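Hi there,

Here is the structure I promised to pass on. Have a look at it first, and then read on for what turned up.

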Amino acid sequence: QSPAMRRMLQATGLWTIALPGLFALQLHALHPYDDRGYFVTFIPAIVMISLSLALAVRKGSRAAGFIAIGWFPIIAVSIERMLRGLGVYAGPSSLDQGLYLATVAEVVMMSLALADRLMALKRERDAALADARALERLSEHDPLTGLMNRRAVEARFDKLYAAGFHTFALVDLDLFKQINDRFGHQAGDAALVACGEAIRGGEERNEIAVRMGGEEFVVLLRGRQTLQRAEALRQAIPLRIATRVPGLDRPVTASMGVIELPKTGGNAMGFNQLYARADALMYQAKQGGRNRMCYEKLTVFREAPPTRRAAPAEDNSAQDAA
């Protein structure tokens, strides 16, 4: 309703409470006007209610449509009773029973209106939930490749580790800036999408690919032979990019830093620590000539070995699997 219509309806409500109520008291001073005045004072209420419902229905309000159908019998019966009360015509008093039938019809229609409104609210809720899920997906997935983004994997990393994803592989495309500079960012974006397809993994869901940003990706793996599978994914990148992005003058290779976490004893390192460690291994691979993998396997000791106090610490975990 418009603000003016709302004010008029409020005024009509006060009018209907005050004047018919006053005549209903049948005060001695108003006795000559009680009967006629009682019925006449309902005319503004009938007019305003009918007008407001008509305007609301005209604007397309479903609720107003149900209310108009439900109230029509009551308004019709009220008008008939008012005309008889004003002496416009004579009729039997049994016509007053029509108010009960009109009230039943109004209750039925209002029940249908409430059911319709509840269904509309459910549809609105479902649409809002779908929008929320879509926004959540957008906030947790890279819009270019469709892969999970860093924010999402950081939040889930402890659960993923508990689910068996004990191998952390950081992938970086070699000399990727040259692709953007020579062939344009459209070709670069296509190469990133192709890389995401290559490392996405199979239907067994034993690999989770993540785009960290730029040309960096992370792959979490679980199950058997994770190092060999990570290397197979890395080697699949140049072929997939060559297939998806024709016209490049050289293969687009990738360097990888891989950390194999212990399968027992829990994860003592956070995501950022693992990322920094894998990043160092990845840069070792690049310094070693690119297009290769460097990896290390971490071991958790329940207590320090007895010889460790006398012997200097050795870095016996880093290996180059070019």
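Please keep in mind that this is a predicted model.

Let me begin with helix α8, residues 185-199. The buried residues of α8 are Ala187, Gly188, Ala191, Leu192, Ala194, Cys195, Gly196, Ala198 and Ile199. Their cover includes the strands β2 (167-173), β3 (207-213) and β4 (216-221), along with the helices α7 (176-183) and α9 (226-244). From first C-alpha to last, the 15 residues of α8 reach 21 Å, close to the 21 Å expected at 1.5 Å a residue. Just after α8 comes Gly201, with a positive phi of about 95 degrees.

Next, helix α4. Its 24 residues should span 34 Å at 1.5 Å a residue, and the end C-alpha atoms are indeed 34 Å apart. There is nevertheless a kink of about 40 degrees in α4, at Trp71, shortly before the proline Pro73. Buried in α4 are Ala64, Phe66, Gly70, Ile75, Glu80, Met82 and Arg84.

Two charged residues appear in that list, Glu80 and Arg84, and they form a salt bridge in which the closest N and O atoms are 2.5 Å apart. Because they sit four residues apart in α4, about one helical turn separates them. Both also belong to a network of salt bridges that links Glu80, Arg81, Arg84 and Asp96.

Ile79 lies in α4 as well. Ile79 counts as partly exposed because its relative accessibility is 32%, which is between the 20% and 50% cut-offs. Together with Leu83, Val88, Tyr89 and Leu95, Ile79 forms a nonpolar patch on the surface, with about 380 Å² of accessible area in total.

How many salt bridges does the structure hold? The count is 19. One of them joins the side chains of Asp116 and Arg62, at 2.3 Å from N to O. This pair links distant parts of the chain, with Asp116 in helix α5 (residues 98-140) and Arg62 in α4, 54 residues apart. At 16% relative accessibility, Asp116 counts as buried, since the cut-off is under 20%.

Another salt bridge is between Glu124 and Arg117, whose side chains meet at 3.7 Å, N to O. Here Glu124 is partly exposed, with a relative accessible area of 45%, and Arg117 is partly exposed too, at 43%.

Happy to talk any of this through.

Best wishes

How values were computed. Residues are numbered from 1 along each chain as its sequence is written. This is a predicted model: local features need pLDDT of at least 70, side-chain atom pairs count only at pLDDT 80 or more; totals for chains, interfaces and linings use all residues. Side-chain values use heavy atoms; hydrogens and water are left out. The expected span of a helix is 1.5 Å times one less than its number of residues. Buried means under 20% relative accessible area, exposed over 50%, partly exposed in between (1.4 Å probe, protein chains only). Contact means heavy atoms within 4.5 Å. Patches are made of residues with over 30% relative accessible area and no salt bridge: like charges are joined within 9 Å, nonpolar side chains (Val, Leu, Ile, Met, Phe, Trp, Tyr) within 5 Å. Accessible areas come from the Shrake-Rupley method with a 1.4 Å probe; for residues, only the protein chains shown count as cover. A salt bridge is a side-chain nitrogen of Lys or Arg within 4 Å of a carboxyl oxygen of Asp or Glu. The bend at a residue is the angle between axes fitted to the seven residues ending there and the seven starting there.
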